[in-house]
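This report introduces a protein structure to a reader who has not met it before. The sequence and the structure are shown first, and a description follows.

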Amino acid sequence: MHELVLRDLDLIRPARWGRVRALAGVVAWQVEGEEGGPVEPVSVYLHEITARGMAGGTVRSYAYALLRWWRFLRAVDVRWDSATPAEGRDFVLWIQQARKDVADRRKVSAATAGTINPVTRKPYPGDDFKAATIRHSNAVVRSFYEFWIEQGLGPLINPMPRDRPGRPNAHRTPMQPFRPEGKLRYNPAKPQRHPRAMPDELWLKLFGAMPSNRDRAILALDISNGARASELLGLRGSDVDWGNQLVQVVRKGTRASQWLPASPDAFVWLRLYFNDVGTPGPADPVWRTLRRRRRGDTELARQALSYDAWRAVLRRVNGKLGTNWAMHDLRHTCAIRMIRDRRLSITDVQHILGHKSLTTTQLYLIEDDLEVVARVREHYAGIEEGASRQPAPVATGYDSADLAVLFGGGVR
């Protein structure tokens, strides 16, 4: 009966109450309500997934997804433990036409939001919610209710139901993950990702625009081993092995330590950076920046380079070059370069990138659109060159008609 109720989605205007707040304890994130206190059902769930070993960044993304769900339920006047698949359906319909909170706060980026950068051919972040975000949000909501239904609380039916086909996984290939219960009913189609390597000339421009040896060392390390930004920025002095030219990173998700090779060029820039600021101790952060310890201080002190501070560096360089590169573009570039090297197997690349599944690494086997276009242009140029080439005159004693039959087409 609930699923037959149709709401006017244009009238749904969730209020921007509450927030996601960082905590200093083991559970690093908390969703707060209108009065400033924690939203208890969400807090209990965030404790649960933290105990399961989820990384802090993942817990943060879950908190924001549940805050968005809570705001929607408040707007349609439905208690969290009374939600039905009708609310799940309407939530997906609403979010597909909703705008992000950041849309009203845009200043410099308002003119480029949702457009394509003419240099990098990459889209700028838009104000709408992409299919990947909606699918992640649906998975979070379903997991949240699975936990509470298991406790004997919450609604009887999960608001994010699964479609249960008559023959689940009947046409699954061995390369695809096993999905015992079918896909989420209200998930939008998953867009196909196309990793793109940074062209060499654009890489040289980006590298040359970096203002310091520190920044050049970060880029050189990243493009040589494809480490994620958070992994690379977490390096300590003891994580650098000069003799074997290795760096040790803590993998996102598993939190396992792994030694990764880096190019000799990257270690040259790392040495130049250490000559500027001094070699860090074993427990000291490798990447440091000058900041005031407290507001009002006149003296600057060296502190660990944070992810936000590094993004600010990239943002300034992108503004100078008219580009929109991100650290993940270097990871894609590194992966595609390694995939195309016949001396490396795809499992070698999987190991270096830290992918849990080989199917994730196989994404880099997809041809880059720009390179395909370049090869097709070479094909066109070859046709035009062949058409403009005049046939050589027939030697004395040969018949041109006989030669055309023998070789095909005109005489060459």
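The account below moves from the chain as a whole to its strands, salt bridges, helices and surface.

## The chain as a whole

The structure is a predicted model. The chain contains 14 helices and seven strands. Of its 412 residues, 39% are buried. The accessible surface of the chain amounts to about 24,700 Å², and carbon and sulfur atoms account for 53% of that area. Among contacts between residues at least 6 apart in sequence, 57% join residues that are at least 24 apart.

## The hairpin of strands 1 and 2

Strands of a sheet pair through backbone hydrogen bonds, and the pairing is either parallel or antiparallel. Strand 1 and strand 2 pair in the antiparallel sense, over four bridges. The two strands form a hairpin, with six residues between them.

Within strand 2, Trp-29 and Val-31 point one way, while Gln-30 and Glu-32 point the other way. All of these residues are buried. Across the hairpin, Arg-19 stands opposite Glu-32 of strand 2.

What joins Glu-32 and Arg-19? The two residues form a salt bridge, in which the closest N and O atoms are 2.9 Å apart. Glu-32 lies in strand 2 (residues 29–32) and Arg-19 in strand 1 (residues 19–22), so this pair ties together parts that are 13 residues apart in sequence. The partners are not equally covered: Glu-32 has a relative accessibility of 6% and counts as buried, whereas Arg-19 is partly exposed, with a relative accessible area of 45%.

## Salt bridges across the structure

Side chains of opposite charge can pair when their charged atoms come close. A search of the whole structure finds 18 salt bridges. The table lists some of them, including the pair already described.

| Salt bridge | N to O distance |
|---|---|
| Glu-32 and Arg-19 | 2.9 Å |
| Arg-89 and Asp-90 | 3.0 Å |
| Asp-127 and Arg-99 | 4.0 Å |

Arg-89 and Asp-90 also belong to a network of salt bridges that links them with Arg-7 and Glu-87. Arg-89 is buried, at a relative accessible area of 15%, and Asp-90 is buried as well, at 3%.

The side chains of Asp-127 and Arg-99 meet in another salt bridge. Both residues lie in the loop between helix 3 (85–97) and helix 4 (131–150), so the pair ties together parts that are 28 residues apart in sequence. Asp-127 is buried, with a relative accessible area of 17%.

## A sheet of three strands

Further along the chain, an open sheet of three strands has the order 3-4-5, with antiparallel pairing. Its edge strands are strand 3 (240–241) and strand 5 (257–261), each of which pairs on one side only. Strand 3 pairs with strand 4 (residues 246–250) in the antiparallel sense over two bridges. In this pairing, Asp-241 stands opposite Leu-246 of strand 4.

## Helices 1 and 11

Thr-50 is found in helix 1 (residues 40–51). Is this residue buried or exposed? Thr-50 is buried, since its relative accessible area of 17% falls under the limit of 20%. Leaving aside its neighbours within four places in sequence, Thr-50 is in contact with Val-26, Val-27 and Val-59.

Helix 11 (residues 346–353) has four named residues in the interior category: Val-349, Gln-350, Ile-352 and Leu-353 are buried. They cover an arc of only 165 degrees around the axis, and therefore lie on the same side of helix 11. The elements that cover these buried residues include helix 6 (213–225), strand 5, helix 10 (327–339) and helix 12 (358–361). Strand 5 thus has two places in this description: an edge of the three-strand sheet and part of the cover of helix 11. Helix 11 is followed by Gly-354, whose phi is positive, near 75 degrees.

## A nonpolar patch on the surface

Which residues make the nonpolar surface patch? Val-372, Val-376, Tyr-380 and Ile-383 make this patch, which has an area of about 330 Å². One of these residues, Val-376, is found in helix 13 (residues 369–388). Val-376 is partly exposed, with a relative accessible area of 33%.

Technical notes:
Residues are numbered from 1 along each chain as its sequence is written. This is a predicted model: local features need pLDDT of at least 70, side-chain atom pairs count only at pLDDT 80 or more; totals for chains, interfaces and linings use all residues. Side-chain values use heavy atoms; hydrogens and water are left out. Buried means under 20% relative accessible area, exposed over 50%, partly exposed in between (1.4 Å probe, protein chains only). Two strands pair if DSSP finds at least two bridges between them. The arc is that of the directions from the helix axis to the C-beta atoms. Contact means heavy atoms within 4.5 Å. Patches are made of residues with over 30% relative accessible area and no salt bridge: like charges are joined within 9 Å, nonpolar side chains (Val, Leu, Ile, Met, Phe, Trp, Tyr) within 5 Å. Accessible areas come from the Shrake-Rupley method with a 1.4 Å probe; for residues, only the protein chains shown count as cover.
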